[in-house]
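Student: I'd like to zoom in on one part of this protein and really get to know it. Could you walk me through it slowly?

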Amino acid sequence: MLVLGLETTCDETAAAIVRRTGEGPGEILSNVVRAQVEEHAAFGGVVPEIAARAHVEALDGVVEAALEQAGVELAELDGVAAAAGPGLVGGVIVGLTAAKALALVAQRPFVAVNHLEAHALTARLTDGVPFPYLLLLASGGHTQLVAALGVGRYVRLGTTVDDALGEAFDKVAKMLGLGYPGGPQVERRAETGDPVRFAFPRPMFGREQPDFSLSGLKTAVRLAAEKAAPLSEQDVDDLCAGFQAAVTDVVANRVRAAARLFIQRFGQPSALVVAGGVAANGSIRLALTRLAGELGLRLIAPPLNLCGDNGAMIAWAGAERLALGLEDGLDFAPRPRWPL
Ligand code: KG4
Ligand code: ZN
């Protein structure tokens, strides 16, 4: 089964062609991502109106490149999928409308994909992980611990009561004058920093319910930065290292709590899976690898190019739904809010 997937929910314009032959892994024939980093850099974050216009300008070329690199004609596709949310509505409309038009022209089924589900199913695309598995979904807008029981069957075990993990990285980067997106910048600066110079709190540590709270940690970084001002390069490195160490500890502790809850309710998971942009963080990956080892679980973390937003995950989620006979009408409306 050959599926084209479009992703336009945030600041990446992406299209990909994926082949599904069974439960997974799938085959990625092309995966074209055009990031809008420059468009938003000056604003220190994604500007919705600018993002929507940039998607309009880029999408045709990105789709053409995806078809060409895969060596696939529109007529050979078995379906066209687009992320229909959650995300910025202007961008979602662009991708959704294009996918519907392509499906209509090719006379193939259209699938509206939940962007979060696409992140959640990436481990099946890359590794063919069987259900059920424990998933940490950590991106710029979402932080969730989920029991993935089947396609379309997810039970949320925990979430954040305030900032998302990626959002906390982005906000810390912003307050320290580092660029956007903040996660990679903070990680890079932390490499040369001292993680114990600043003793930052580990919010929610030890709580049974696997929730996160990150705003207190963010405030602690801000206060420490104000106290140490004017900041030297080394101060910034140390603040980043201290923050990343605290976040890493919190993530490991919260995932441990979620694993306990998972086993109580659903038995042994087939794997521990991490997905979303924050899954690119080396310190968090390392801590999760250790934790998975302790729990006797395999850790599945996507390759770096599949951590952030991409079309391949949308195409794969579309293929998984099509394989179950699920497709959507061309009247499917954008869902800016769409919980997993
Ligand atoms: O999944 P994603 O590409 O987009 C959303 O759906 O939000 O995630 C983007 C988020 C941003 O907040 C970014 O700062 C964060 O992932 N991120 C990282 C790293 N790379 C990206 N956070 C920590 N460390 C990284 N290396
Ligand atoms: Zn995402």
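Student: Let's take strand E7 (residues 143-150) and its partner E6: in which sense do the two pair, and over how many bridges?

Tutor: Happy to, and keep in mind that we're looking at a predicted model. E6 and E7 pair in the antiparallel sense, and six bridges hold that pairing. As background, strands of a sheet pair through backbone hydrogen bonds, either parallel or antiparallel. The two strands form a hairpin, with four residues between them. You can pick out individual partners too: Leu136 of E6 has Leu145 as its bridge partner in E7, while Leu135 is matched with Val146 in E7.

Now stay on E6, which covers residues 133-138, and look at its other neighbour. E6 also pairs with strand E9 (residues 272-275), this time in the parallel sense, over four bridges. Find Leu135 again: opposite this residue in E9 stands Val273. Leu136 likewise stands opposite Val274 in E9. So what about the surroundings of E6: is the strand enclosed or open? Six of its six residues are buried, so E6 is largely enclosed by the rest of the structure.

It helps to sort those residues by face. In a regular strand the side chains alternate between the two faces of the sheet. In E6, Tyr133, Leu135 and Leu137 lie on one side, Leu134, Leu136 and Ala138 lie on the other, and all of them are buried, which leaves both faces covered. E9 can be read in a similar way. Leu272 and Val274 point one way from E9, Val273 and Ala275 point the other way, and all are buried.

From E9 we can step across to strand E10 (residues 299-300). Those two strands run parallel and are joined by two bridges. Val273 turns up here again, with Ile300 as its bridge partner in E10. There's a helix to notice as well: E9, helix H9 (residues 282-295) and E10 make a right-handed β-α-β unit.

Put the strands together and you get the whole sheet. Five strands form an open sheet in the order E8-E7-E6-E9-E10, and the pairing is mixed. Strand E8 (153-159) and E10 stand at the edges with a single partner strand each, so one side of each is left without a neighbour in the sheet.

Let's zoom out to see where this sits. The protein's secondary structure comes to eleven helices and ten strands. Its radius of gyration is 20 Å, close to the 20 Å that the globule rule gives for 340 residues, so the protein is as compact as a globular protein of that length. Along the principal axes, its C-alpha atoms fill a box of roughly 60 × 50 × 30 Å. Buried residues make up 54% of the 340 residues. As for contacts between residues at least 6 apart in sequence, 74% join residues at least 24 apart.

Finally, the protein is divided into domain 1 (2-122 + 308-323) and domain 2 (131-269). Their centres are 28 Å apart, and nine residues of domain 1 are in contact with eleven residues of domain 2. On the domain 1 side of that meeting place, helix H1 (37-41), helix H4 (115-127) and helix H11 (311-323) each supply at least two residues. H4 gives the largest share, three residues. By class, that side of domain 1 has three nonpolar, four polar and two charged residues.

Terms used. Residues numbered from 1 in each chain as written. Chains lettered and ligands numbered in written order. Predicted model: local features only at pLDDT ≥ 70, side-chain atom pairs only at ≥ 80, totals over all residues. Domains from an automatic or database assignment. Contact = placed C-beta atoms within 7 Å. Nonpolar A, V, L, I, M, F, W, Y, C, P; charged D, E, K, R; others polar. Buried ≥ 20, exposed ≤ 12 C-beta atoms within 10 Å, placed from the backbone. Pairing = 2+ DSSP bridges. Right-handed = clockwise from strand over helix to strand, strands pointing away. Rg over C-alpha atoms; globule rule 2.2 N^0.38 Å.
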